[in-house]
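Let's walk through this fold together, one piece at a time. Have the sequence and the 3D view side by side as you read.

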Amino acid sequence: MCVRKKQLYISVTNATSEVIRKLDWEYISNKRGNHGHGLKRIDLTVAKCGGYINRQNEPGVFATEIMLPLV
């Protein structure tokens, strides 16, 4: 996490043995019933703040980058 060009930059990378599925534009977790509610909450918060979110899903790694304006 750091500040870049008047934006808060947050990067989170998780190791996973799970194959994370994607339905339309949403990632679906196998934890507690195939929902991914935590990701939806993050998406809503980033949208509310006028930020940017990027997710990458590669074998063994799930990464999320978020940029939020600090204005």
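**A glycine after the helix**

Start at Gly-50, just after H1, where phi is positive at about 75 degrees. Before we go on, some ground rules: this is a predicted model, in which local features need pLDDT of at least 70, side-chain atom pairs count only at pLDDT 80 or more, and totals for chains, interfaces and linings use all residues. Residues are numbered from 1 along each chain as its sequence is written, and side-chain values use heavy atoms, with hydrogens and water left out.

Names like H1 and S5 come from DSSP runs, numbered from the N terminus: helices are H or I with at least four residues, strands are E with at least two. H1 itself covers residues 37–48, which makes 12 residues. From first C-alpha to last, H1 reaches 17 Å, close to the 16 Å expected at 1.5 Å a residue; that expected span is 1.5 Å times one less than the number of residues.

Past Gly-50, look at the hairpin. Strand S5 (residues 52–58) pairs with strand S6 (residues 61–69) in the antiparallel sense, over 7 bridges; to count as paired, two strands need at least two DSSP bridges between them. You can follow the register by eye: Tyr-52 sits opposite Met-67 in S6, and Glu-58 is opposite Val-61. The turn leaves 2 residues between the strands, and Gly-60 in that turn has a positive phi of about 85 degrees.

S6 has another partner too. Strand S2 (residues 7–15) runs antiparallel to S6, joined to it by 9 bridges. Here Thr-13 has Ala-63 as its bridge partner, while Ala-15 is matched with Val-61.

So how are the strands ordered in the sheet? The order is S1-S2-S6-S5, an open sheet of 4 strands with antiparallel pairing. Strand S1 (2–4) and S5 stand at the edges with a single partner strand each, so one side of each has no neighbour in the sheet. On average, neighbouring strands here are turned by 20 degrees against each other, direction ignored; such angles run from 0 to 180 degrees between N-to-C directions, using axes fitted to C-alpha atoms, for helices over the stretch in contact.

Now bring the helix back in. H1 lies across S5 and S6, at about 150 degrees to S5, where contact means heavy atoms within 4.5 Å. As for S6, Phe-62, Thr-64, Ile-66 and Leu-68 make up its covered face. The uncovered face of S6 holds Val-61, Ala-63, Glu-65, Met-67 and Pro-69.

Last stop: the loop between S1 and S2, home to Lys-5 and Lys-6. Neither is a glycine, yet phi is positive in Lys-5, near 45 degrees, and in Lys-6, near 60 degrees. Are these lysines buried or exposed? Lys-5 counts as exposed because its relative accessibility is 80%, and Lys-6 does so at 66%; buried means under 20% relative accessible area, exposed over 50%, and partly exposed in between (1.4 Å probe, protein chains only).
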